[in-house]
Amino acid sequence: MITKIENKMNKIRFTDRLEELVCKKACDLQSALLLLSQNSNKKNKLLAKTATNLYSSLKRGNSFSLALKTCPYIEFDEVYISFITFAERCGQLGKTLTFLKARGLREKENADKLIEA
């Protein structure tokens, strides 16, 4: 069973990798997910499973936001999914992933500061 903290960290890692491929490497979403799914590194096994699941869902004709809602490996919260839904409608996936990555890192930093206090 994955804890909330582990889920948040996995979501941050997943968003970071996806943002890198979509924004910096200029991959389309399906290609980026396919590349992530082929990463067999032990540390990233959960990310690979997540990417495989999302890629399969997209191939079946589902939207990315619906694929995130039904993903069994990482729990994507409603706010995250809402931003992705907005990005799908506006065609701004890259900018949205950059924002979500920064948001996740800020949340982690704030949580770390609270733990230190």
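**View 1. Three side chains make a nonpolar patch on the surface of this predicted model.** The members are Val79, Phe83 and Phe99. Put together, they offer about 230 Å² of accessible area.

**View 2. Here we zoom in on Phe99, one of the residues in that patch.** You'll find Phe99 in helix H6, which covers residues 93–116. Is Phe99 buried or exposed? Neither label quite fits: its relative accessible area is 35%, so Phe99 counts as partly exposed. That's because the partly exposed class sits between the buried cut-off of under 20% and the exposed cut-off of over 50%.

**View 3. Next up is the largest pocket, with about 620 Å³ of space in it.** Several elements give two or more residues to its lining: helix H1 (4–24), helix H4 (64–69), helix H5 (78–90) and H6. How many residues line the largest pocket? The count is 30, and Lys4, Ile5, Asn7, Lys8 and Lys11 are the ones nearest the centre.

**View 4. Now look at what kinds of residues line the largest pocket.** Sorted by class, the lining has 15 nonpolar residues, 11 charged ones and 4 polar ones.

**View 5. Our last stop is Arg89, a residue of helix H5.** Its relative accessibility is 71%, and exposed means over 50%, so Arg89 goes into the exposed class. How far apart are Arg89 and Glu75? Along the sequence they are 14 residues apart, while in space their C-alpha atoms are 22 Å apart.

Methods. Residues numbered from 1 in each chain as written. Predicted model: local features only at pLDDT ≥ 70, side-chain atom pairs only at ≥ 80, totals over all residues. Heavy atoms only, no water. Patch = residues over 30% accessible without salt bridge, like charges linked within 9 Å, V, L, I, M, F, W, Y side chains within 5 Å. Areas by Shrake-Rupley, 256 points an atom, 1.4 Å probe, with all protein chains shown as cover. Salt bridge = Lys/Arg side-chain N within 4 Å of Asp/Glu carboxyl O. Helix = DSSP H or I, 4+ residues; strand = E, 2+ residues; numbered from the N terminus. Buried < 20%, exposed > 50% of the residue type's maximum accessible area, 1.4 Å probe, protein only. 1 Å grid on protein atoms, 1.4 Å probe; cavity = no way out; pocket = protein on both sides within 12 Å on 5 of 7 lines; lining within 4 Å. Points joined across faces, edges and corners; volume = space filled by probe spheres on them. Nonpolar A, V, L, I, M, F, W, Y, C, P; charged D, E, K, R; others polar.
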